[in-house]
Amino acid sequence: MYDLVLKNGKVFLADRFVDLDLAISGEKIAAIGKNLSGARNINAANRWVLPGIIDAHTHFSLPFAGAVSADDFFTGTRAGAIGGVTTIIDFTAQQGEEGILAGLIRRKAQAAELAAIDYSFHACIGRFSEQVAAEMPQLLTQGLSSLKIFTAYGRSGLMQSDFNLLRIMKKCQEQGILLTVHAENGPLIDDLTAALSPEELIGIAALCKTRPVITEVEAIARVGAFARLTGCQTYIVHTSSGAGALTIASLRKNQTPIIGETCPQYLYLDDSLLQEPNGHYFSCCPPLRPVEEKAALWENLNNGNLAVIATDHCPFKRNDKDSWQKSISKLPMGLPGIETLVPLALQQNKGLPTATAIRALTENPARIFGIYPEKGCLLPGSDADVIIYDPHRDWEIDSTLLHMATDYSPYQGLQIRGINTMTISRGEVIYSEEDGWQGKKGRGRFLKRRPTDSYFFK
Ligand code: URP
Ligand code: ZN
Ligand code: ZN
């Protein structure tokens, strides 16, 4: 007898739905078949049984422009789990002259106390130094198989020079570490900023003027050229523009080991929102793009050049954004999104095949970030991270009903079809529509990740 059986659901197996039961014993998926029965049986009829969703890009408790992102590892993972997320990958941060391992110890301690679902980190390089280079070989033994660098944010000391970028990429290639890149051209952004008059710099319009699509396209093309040169497996985070996606597509055609991620905000929202009276609530980097950029994002999700949908969840309260004094340099950048990720990605009205969307939330990030098949699929022996999703339910996004620690949603009023109804994390029901939140602070576990699956980089 199994501990828990999800009965009669449409179980997502790799690329299709099959009408079966899914059985769980302890923390693992035990069997998938017909007529299974358990100590507890849950009716999943007319609903999808999906692998728990992986959000590979979150920023909990991130200091930014004098504020700190509103969700910590507890509120953020709880909100995510209510929405269907069962694994997150956040970031470490360097302080002062230290290397990259000290930040890992700090972030692990924060998450161990608070996270309600399983987690890992991308090791973030701000200042590249001999110490960082010396510590890189230890990343894999610590269970981190990805690094994060920035080609912008020079004012915060995060931007890498091309020289250092090449050194980092060579080392990543040697050591089998995936390099994730925030790709915007920092010097070009600085130059466009310097070219604006003090009057032109007032207001949110300056965000798009100083960070136009070309700043992303150039950075992706340059990083891509280095990826081809060095053989470093490279992952572009938050690809925001169709032109950026097409740049990734053309690099991939030219044997470059590069792949992209995009986020719901770039798939659903556009820069017209920045013109509204509270346009600064929609501020993020890269900024929201002209509406015509969206089609190529959906298209390149469809053809696999963008393999992952993640959130870049970096929520601030309206109050935090309101203290910007009409200057984008004082504006905390980022949007809330972890709780609305799944329905936005799975909605059927955007032309993306359902299986492709599910894989962009599950199997693809699991393979790319080295946690497959524990996570990202429904196979006997995999962690029992499972959600029961009702694809038929119509609802409207209303921030007052969401659980993220912010007080607005950029998707307020959006009509949605489909909602998560139950979240199971390593065999434990941590959320259900009937009983609400049942998870616990600190029950999440640190995931030791392996090198990326090279399938995505052929
Ligand atoms: O605006 C954003 N995206 N804030 C979070 C930090 C980053 O660059 O991903
Ligand atoms: Zn970024
Ligand atoms: Zn980010």
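Donors are N, O and S atoms within 2.8 Å of the metal (3.2 Å for Na, K and Ca), and sites may look incomplete, as water is not among the atoms. This is a predicted model, where local features need pLDDT of at least 70 and side-chain atom pairs count only at pLDDT 80 or more, while totals for chains, interfaces and linings use all residues. Residues are numbered from 1 along each chain as its sequence is written, chains are lettered from A and ligands numbered from 1 in the order in which they are written, and side-chain values use heavy atoms, with hydrogens and water left out.

**View 1. The zinc ion (ligand 3) and its protein donors.**
Three residues hold on here: His57 (NE2), His59 (NE2) and Asp312 (OD) coordinate the zinc ion (ligand 3) at 2.0 to 2.1 Å. Read along the sequence, the spacing of these donor residues is H-x1-H-x252-D. What is the arrangement of the 4 donor atoms around this ion? It's irregular, because the angles run from 86 to 143 degrees. To count as tetrahedral, four donors need all angles between 85 and 135 degrees; four count as square planar and six as octahedral if opposite donors are over 155 degrees apart and all others between 65 and 115, and anything else is irregular. His59 sits in the loop between strand 6 (53-55) and strand 7 (63-64), and Asp312 in the loop between strand 15 (306-309) and helix 11 (318-322), so the pair ties together parts 253 residues apart in sequence. Helices (H or I, at least four residues) and strands (E, at least two) are DSSP runs, numbered from the N terminus. Both His59 and Asp312 are buried. Buried means under 20% relative accessible area, exposed over 50%, and partly exposed in between (1.4 Å probe, protein chains only).

**View 2. The zinc ion (ligand 2) and its two histidines.**
His182 (ND1) and His238 (NE2) are the protein donors of the zinc ion (ligand 2), and they lie 2.1 Å from it. His182 belongs to strand 12 (residues 178-182), while His238 is in the loop between strand 13 (234-236) and helix 8 (242-253); that pair links distant parts of the chain, 56 residues apart. Are these histidines buried or exposed? His182 is buried at 1% relative accessibility, and His238 is buried at 3%. The 4 donor atoms here subtend angles of 56 to 150 degrees, so this arrangement is irregular. The zinc ion (ligand 2) is 3.6 Å from the zinc ion (ligand 3).

**View 3. Cysteines without a disulfide.**
How many disulfides does the structure hold? The count is 0, where a disulfide is a pair of cysteine sulfur atoms within 2.5 Å. For Cys172, the closest cysteine sulfur is in Cys232, 4.7 Å away, so it's too far for a bond. Cys285 has its closest cysteine sulfur in Cys284, at 7.0 Å, again too far for a bond. Cys172 is buried, with a relative accessible area of 1%, and Cys285 is buried too, at 6%.

**View 4. Gln138 in helix 3.**
Gln138 is found in helix 3 (residues 130-141). With a relative accessible area of 36%, Gln138 is partly exposed. Gln138 and Glu216 are 78 residues apart in sequence, and 31 Å separates them in space, C-alpha to C-alpha.
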